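The following exercises concern the fold shown below. Each task is followed by a solution that proceeds step by step.

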Amino acid sequence: MKKISIIGLGVVGRVTSLMALEYGFAVDIYDKNSLSSEDSASYIAGGMISPISELDYCSSDILEYYSFSMNWWKKIEQEIKVDLKIKDTLICAFQQDASELELIKKRIRLTKNPISENVPCKLGFTGFKIPREGFLNPRKFFRSSNRFFQNHKKCHFFQKKLSNDLPGLEGSIIDCRGIGAKNLKNLRGVRGELLEVFAKNVQIDHIVRLYHPRYPLYIIPRGAGLFSLGASMIESDDNSAISVRTSLEILTTAVSYDEGFLEARILNSLVGIRPTFPSSLPKICKNKNSISINGVFRNGYLYAPSLAHKVLREII
Ligand SMILES: Cc1cc2nc3c(=O)[nH]c(=O)nc-3n(C[C@H](O)[C@H](O)[C@H](O)COP(=O)(O)OP(=O)(O)OC[C@H]3O[C@@H](n4cnc5c(N)ncnc54)[C@H](O)[C@@H]3O)c2cc1C
């Protein structure tokens, strides 16, 4: 039986491990933290799988990854609970920023993907919908994949911090260390901060992305009055606690969109570092004794299945 060693248990390492087990490999997984650690960008992420909405930040190359990845998440959901939802995304802006929305619409139309005409919005806002984009719950994915790894006979987890030359590992080595892979040229960190709130007065059951030149915001409903509100984009790999500035920006924009957030309870603040290359696109790199998958930036959940499949196909 062929052996694979996978280093890093963020979304890239997890998806690669799950797929490798599915393809019949024996898998050794290494992470510097414990299996139940909550300390990775992937754990705190929004979990959106929404390539059209992301065209504001990424090149249209992102679209090539969508269909394989989405089908993989749909399939894996039968065994590993991720709470995958597929709903229309509302893209909106304050009325005075309507021209910004027109630019975004133009970019989307160039890709020939469908969008709605303007839809009714809250007073003072204008917006349109992107049909059927996905989002999942990273916490559920982590918990449920942890159980899967623990119960799988061909899978072993080792808590170990590995140096860049990844010594003493068996089989083919796949490096998924995110921002921990300091050896990769031009890899940098982009800090993201997010708040989790309980807002019993807010009735939103789909993603809302509010475009603003300085304070963009997304609202992700988690059910039972829970919402994730995010996220900042700061050129830094400082993962200390959320700043007052970001908290104010997120909360002020959220309240201006829906006053129901005024009485919300802040449950959690979360910070993660997005591993990013200058192109904002991910890369598969062949190193001396390993292959690395990295640079998934804002879209680890979208890119991971497609990238993992590409790498594993070469190893088979
Ligand atoms: C606020 C925020 C919101 C986001 N929202 C979304 C979203 O909605 N949708 C989406 O797709 N993406 C989102 N992202 C981006 C997403 O989180 C990243 O793209 C993704 O987490 C990167 O995954 P990764 O597996 O490469 O790295 P990580 O998640 O950072 O995982 C790397 C793993 O490697 C381990 N490691 C590091 N160094 C070593 C070492 N030397 N030895 C052993 N182990 C090591 C770490 O402990 C960690 O477990 C968001 C990010 C942030 C910060």
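The model is predicted: local features require pLDDT of at least 70, side-chain atom pairs count only at pLDDT 80 or more, and totals for chains, interfaces and linings use all residues. Residue numbers start from 1 along each chain as its sequence is written.

**Exercise 1. The open sheet**

Determine the strand order of the open sheet of 6 strands and identify its edge strands.

Solution. Strands (E, at least two residues) and helices (H or I, at least four) are DSSP runs numbered from the N terminus. Two strands count as paired if DSSP finds at least two bridges between them.

Step 1. The order is β6-β2-β1-β7-β15-β14, and the pairing is mixed.

Step 2. At the edges lie β6 (155–159) and β14 (283–286), each of which pairs on one side only.

Step 3. From one strand to the next, the twist averages 20°. Such angles run from 0 to 180 degrees between N-to-C directions, and the axes are lines fitted to C-alpha atoms, for helices over the stretch in contact.

Step 4. Within this order, β1 (residues 3–7) pairs with β2 (residues 26–31) in the parallel sense over 5 bridges. K3 has A26 of β2 as its bridge partner.

Step 5. By contrast, β14 and β15 pair in the antiparallel sense over 4 bridges. They form a hairpin with 4 residues between them, and K286 has I291 of β15 as its bridge partner.

**Exercise 2. The partners of β4**

In which sense does β4 pair with β5, and in which with β9?

Solution. Step 1. Strands β4 (residues 85–94) and β5 (residues 125–135) run antiparallel and are joined by 9 bridges. K87 stands opposite E133 in β5.

Step 2. Strand β9 (residues 208–211) runs parallel to β4, with 4 bridges joining the two. Here C92 stands opposite L210 in β9.

**Exercise 3. Packing around helix α7**

Describe how α7 lies on the sheet strands, and how α1 and α3 pack against α7.

Solution. Step 1. Helix α7 (residues 300–315) lies across β1, β7 (172–175), β14 and β15 (291–294), at about 170° to β15. Contact here requires C-beta atoms, placed from the backbone, within 7 Å of each other.

Step 2. The axes of α1 (residues 11–22) and α7 come within 9 Å and cross at roughly 45°. The two helices are therefore oblique to each other; angles under 35 degrees count as roughly parallel, over 145 as roughly antiparallel, 65 to 115 as roughly perpendicular and the rest as oblique.

Step 3. The residues of α1 that meet α7 include V11, V15 and M19, and those of α7 include Y301, A304 and L312. This contact has 11 nonpolar, 3 polar and no charged residues. In these classes, Ala, Val, Leu, Ile, Met, Phe, Trp, Tyr, Cys and Pro are nonpolar, Asp, Glu, Lys and Arg are charged, and the others, Gly among them, are polar.

Step 4. Helix α3 (residues 66–76) packs on α7 at an angle of about 95°, with the axes 8 Å apart. The angle therefore makes α3 roughly perpendicular to α7.

Step 5. Among the residues in this contact are W72 and W73 of α3 and P305 and H309 of α7. By class, the contact of α3 with α7 has 7 nonpolar, 3 polar and no charged residues.

**Exercise 4. The ligand shell**

How many residues surround the ligand, and which are the closest?

Solution. Step 1. A residue is near the ligand if its C-beta atom, placed from the backbone, lies within 6 Å of it. The shell holds 41 residues, the closest being G10, G46, G178, G180 and G192.

Step 2. At least two shell residues come from each of α1, β2, α2 (41–44), β8 (188–198), β13 (265–276) and α7.

Step 3. The shell divides into 19 nonpolar, 16 polar and 6 charged residues.

**Exercise 5. Backbone exceptions**

Locate the cis peptide bond and the positive phi of K112.

Solution. Step 1. Most residues other than glycine have a negative phi, and most peptide bonds are trans.

Step 2. The peptide bond joining G230 and A231 is cis, with omega about -15°. A231 is found in the loop between β11 (226–230) and β12 (234–235).

Step 3. K112, a residue other than glycine, has a positive phi near 65°. K112 is placed in the loop between α4 (98–110) and β5.

Definitions and conventions. Two residues are in contact if their C-beta atoms, placed from the backbone, lie within 7 Å.
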